[in-house]
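Please take a look at the sequence and the fold below. The report that follows goes through them piece by piece.

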Amino acid sequence: MNAFSITKNERGIFMDGKKMAYARVSSTSQNLARQIEELKHYVEESNIVVDKASGKDLNRTGFQALKGPLGLRKGDTLIIKSLDRLSRNKADIKNELEWFKENQVNLQILDLPTTMIQLPKGQEWIRDMINNIIIEVMSSIAEQERLTIRQRQREGIDVAKRRGKHMGRPRMEKPAEWDKYYGMWKAGSITAKKVMEMLDLKKTSFYNLVQNEK
């Protein structure tokens, strides 16, 4: 994959398009300041697009805007801090690199200095070969980190369940006579509406309690 070729027009003249940058953190509680400060060495702050969203998929407002009709064009450059700012999914990373290649948008990654260098005309293949190897390794590492985090979360939930901790929303407190009226409702001798009236329950509360009985 030659995702990092210096873009040329049809006459072979190097094009100097606009420079944009992209920064991302995984949640609204995280801070973008460190990434933005580094990116400001290369672009104006007004040219930095940001997202506060998970890297598990590509459905992010800022990133999709960069790829949209008013975003990056042939000959432009996008600068990011690290490869996992694009995604933590290896397949998604490869697809995105292919998009940059097909649209002739130059991608520069601060944590991969080889993507930042300019080589004499005819020698770009050296940089591209090195980048392709590094990116294959880095995207595998990013995906493995994502899978490890998911596994640890799953293990934590399993341990909590074994210790008797309820995960998710707290269970509703049963009304004093719930068991009596629930049994009557199950037997078909009383309607759900009547149970709600007798126990002063809203419809959603009634069916939440029913769900807890399963």
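## A pair of charged side chains

The side chains of aspartate 84 and arginine 85 are joined by a polar contact of 3.0 Å. This model is predicted. Aspartate 84 sits in the loop between E3 and H3. Is aspartate 84 buried or exposed? Aspartate 84 has 15% relative accessibility, so it counts as buried. The cut-off for buried is under 20%.

## Strands side by side

E3 pairs with two strands, and the table lists both pairings.

| Strands | Sense | Bridges | Citation |
|---|---|---|---|
| E1 and E3 | parallel | four bridges | |
| E3 and E4 | parallel | four bridges | |

Look at single residues next. Tyrosine 22 has isoleucine 80 in E3 as its bridge partner. Isoleucine 79 stands opposite glutamine 108 in E4. From E3 the chain passes through H3 to reach E4, and this β-α-β crossover is right-handed.

In a regular strand, side chains alternate between the two faces of the sheet. E3 shows two directions: Thr77 and Ile79 point one way, while Leu78 and Ile80 point the other way. All four names are on the buried list for E3.

## The largest core

How many residues does the largest nonpolar core have? The largest nonpolar core has 19 residues. Leu72, Leu78, Phe100 and Leu107 have the most contacts inside it. At least two residues of this core come from each of strand E1 (19-25), helix H2 (61-67), strand E3 (77-80), helix H3 (90-102) and strand E4 (106-109). H3 gives the largest share, four residues.

Leucine 78 deserves a closer look. Beyond its neighbours within four places in sequence, leucine 78 is in contact with Met20, Ala21, Tyr22, Leu66, Leu72, Phe100, Val105, Asn106, Leu107 and Gln108. Another core, of twelve residues, lies apart from the largest one. Among its residues are Tyr182, Ile190, Val195 and Val210.

## Helices with a buried side

Which residues of H5 are buried? In H5 they are Trp178, Tyr181 and Tyr182. These residues cover an arc of only 105° around the axis, so they are on the same side of H5. An α-helix has 3.6 residues a turn, so residues three or four places apart point the same way. The face of H5 turned away from the buried side carries the exposed residues Asp179 and Ala187. The cover over the buried residues of H5 includes H6 and helix H7 (203-212).

H7 has its own buried residues: Ser205, Phe206, Leu209 and Val210. Down the axis of H7, they fall within an arc of 140°, so they line one face of the helix. Exposed Lys203 and Thr204 are carried on the face of H7 turned away from its buried side. The cover over the buried residues of H7 includes H5 and H6.

## Between H5 and H6

Just after H5, glycine 188 takes a positive phi of about 85°. Where is threonine 191 found? Threonine 191 is in the loop between helix H5 (178-187) and helix H6 (192-199). A polar atom of the threonine 191 side chain lies 3.1 Å from the backbone nitrogen of lysine 194. Threonine 191 and tyrosine 181 are ten residues apart in sequence, and their C-alpha atoms are 9.6 Å apart in space.

Note on methods: Residues numbered from 1 in each chain as written. Predicted model: local features only at pLDDT ≥ 70, side-chain atom pairs only at ≥ 80, totals over all residues. Heavy atoms only, no water. Polar contact = N/O pair within 3.5 Å; in protein donor to acceptor, adjacent residues only side chain to side chain. Core = buried A, V, L, I, M, F, W, Y, C linked by side-chain atoms within 4.5 Å. Buried < 20%, exposed > 50% of the residue type's maximum accessible area, 1.4 Å probe, protein only. Contact = heavy atoms within 4.5 Å. Arc of directions from axis to C-beta. Pairing = 2+ DSSP bridges. Right-handed = clockwise from strand over helix to strand, strands pointing away.
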